[in-house]
Amino acid sequence: MRIGILGYGNMGRAFALGLKDKYDILAFDKDIIKKDTALQDGVGFASSTHFLMENVDVLLLSIKPQDLINLSIDIKNKSIISILAGISMNRLKDVFKEAFMTRIMPNLGVLKNKGVIAFHSEDPKKEELKSMISLLGNVYELEEKYFDAFTAIGGSGPALIASIVEAMRLSGVYMGLNKDISYDIVINMIFGTLELLKEYSEEELILKVSSPGGTTIEGIYNIEKSGIRGALMESFIKAYEKSKKL
Ligand SMILES: NC(=O)c1ccc[n+]([C@@H]2O[C@H](COP(=O)([O-])OP(=O)(O)OC[C@H]3O[C@@H](n4cnc5c(N)ncnc54)[C@H](OP(=O)(O)O)[C@@H]3O)[C@@H](O)[C@H]2O)c1
């Protein structure tokens, strides 16, 4: 299966790098500077959109949503995978009337092949495409109506986690720790916690760490008093509502 990538920007490139060891990749981007990047990455670069379409079995569409309106390609009986945020399956089928459509929503983790990726396909080659995409991370086959919820927690999630890491690191600095040591402690604590959460539920873990009258329960009490759980949920719900409006 030869894969074409239309739009060799942040995401198109991330997909090319994640897939190139297992698949033959050919890219095209209207920004000619991207040709050098692709060739340096060991990815073939087509001379035109037309050439790209003639020579691939599957097209990964990774241009910006606003560029879709200027795109004119003739695709018959080929597979298209769109990563365009906010562009529905119906809209895609309107544009690519005779193609087999798949819509995915990746998060930034795909840069490290550790993404979470929502997947919705009407392609007869669905299973093959799903296993291909899983090279970039964990794939969740979802009805399209859940894509906004996915975008809120899976897509925006890394930014929220980064904010928590930053707050914890700054707390360490406030208490006198060197900024790099503080960062290292936070990151390694998170990796360890994720391992523990494979064995214990969130509630069990909180109780395990909280000794009676100790420091952790003091912190937990403050978290609950400030309503942080509700505030966090509110942030994701706002992101969800915003995604629905796009
Ligand atoms: N970045 C994320 O975290 C993320 C997450 C989920 C989904 N997405 C989706 O991924 C898509 C790509 O995002 P990105 O951040 O990778 O964008 P990007 O870096 O701007 O890359 C898009 C590339 O496509 C090129 N392009 C535009 N129209 C073209 C055409 N007709 N033919 C060939 N190339 C064309 C652009 O060239 P010019 O610069 O010259 O216009 C640009 O190099 C978007 O639809 C976005 O919604 C992104």
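This passage walks through the fold of one protein, from its overall make-up to its sheet, one helix, the ligand surroundings and two loop residues.

The model is a predicted one. Start with the big picture: the protein contains eleven helices and eight strands. Its C-alpha trace spans about 70 × 40 × 30 Å along the principal axes. Of the 246 residues in the protein, 28% are buried. Counting contacts with a separation of 6 or more, 41% link residues that sit 24 or more positions apart.

Next comes the sheet. Eight strands make up an open sheet with mixed pairing, and their order reads E3-E2-E1-E4-E5-E6-E7-E8. At the edges sit strand E3 (44-45) and E8, each of which pairs on one side only. Moving inward, E4 is flanked by two partners. Strand E1 (residues 2-6) pairs with E4 in the parallel sense over four bridges, and in this pairing Ile5 has Leu60 of E4 as its bridge partner. E4 and E5 also run parallel and are joined by four bridges; here Leu61 stands opposite Ser82 in E5. What happens on the two faces of E4, covered or not covered? Both are covered, with Val58 and Leu60 buried on one side and Leu59 and Leu61 buried on the other. Further along the sheet, the sense of pairing is antiparallel between E6 and E7, which share five bridges. One opposed pair there is Pro106 and Ile117, the latter in E7. Helix H5 packs on this sheet, where it touches E4, E5, E6, E7 and E8, and its direction makes about 170 degrees with that of E7.

H5 deserves a look of its own. This helix covers residues 126-133, and its buried residues are Leu129, Met132 and Ile133. Looking down the axis of H5, these buried residues fall within an arc of 95 degrees, so they line one face of the helix. The face turned away from that buried side carries Glu127 and Ser131, which are exposed. So what covers the buried residues of H5? The cover includes helix H1 (10-19) along with several strands, among them strand E4 (58-61), strand E5 (79-82) and strand E6 (100-106). Strand E7 (115-121) and strand E8 (137-141) are also part of that cover.

H1 turns up again around the ligand. The ligand has 25 residues around it, and Gly7, Gly9, Met11, Asp31 and Ala85 come nearest. H1 and E6 each supply at least two residues of this shell, and the largest share, three residues, comes from H1. Sorted by type, the shell splits into 13 nonpolar, six polar and six charged residues.

Finally, two asparagines in loops have backbone angles worth pointing out. Asn77 is in the loop between E4 and E5, and its phi is positive, about 50 degrees, although Asn77 is not a glycine. Is Asn77 buried or exposed? Asn77 counts as exposed because it has 7 C-beta neighbours inside 10 Å, and the cut-off for exposed is 12 or fewer. Asn113, for its part, lies in the loop between E6 and E7. Its phi is also a positive value in a residue other than glycine, near 55 degrees. With 14 other C-beta atoms within 10 Å, Asn113 is partly exposed.

Terms used: Residues are numbered from 1 along each chain as its sequence is written. This is a predicted model: local features need pLDDT of at least 70, side-chain atom pairs count only at pLDDT 80 or more; totals for chains, interfaces and linings use all residues. A residue is buried if 20 or more other C-beta atoms lie within 10 Å of its own, exposed if 12 or fewer, and partly exposed in between; C-beta atoms are placed from the backbone. The arc is that of the directions from the helix axis to the C-beta atoms. Two residues are in contact if their C-beta atoms, placed from the backbone, lie within 7 Å. A residue is near a molecule or strand if its C-beta atom, placed from the backbone, lies within 6 Å of it. Ala, Val, Leu, Ile, Met, Phe, Trp, Tyr, Cys and Pro count as nonpolar, Asp, Glu, Lys and Arg as charged, and the others, Gly among them, as polar. Two strands pair if DSSP finds at least two bridges between them. Axes are lines fitted to C-alpha atoms, for helices over the stretch in contact, and angles run from 0 to 180 degrees between N-to-C directions.
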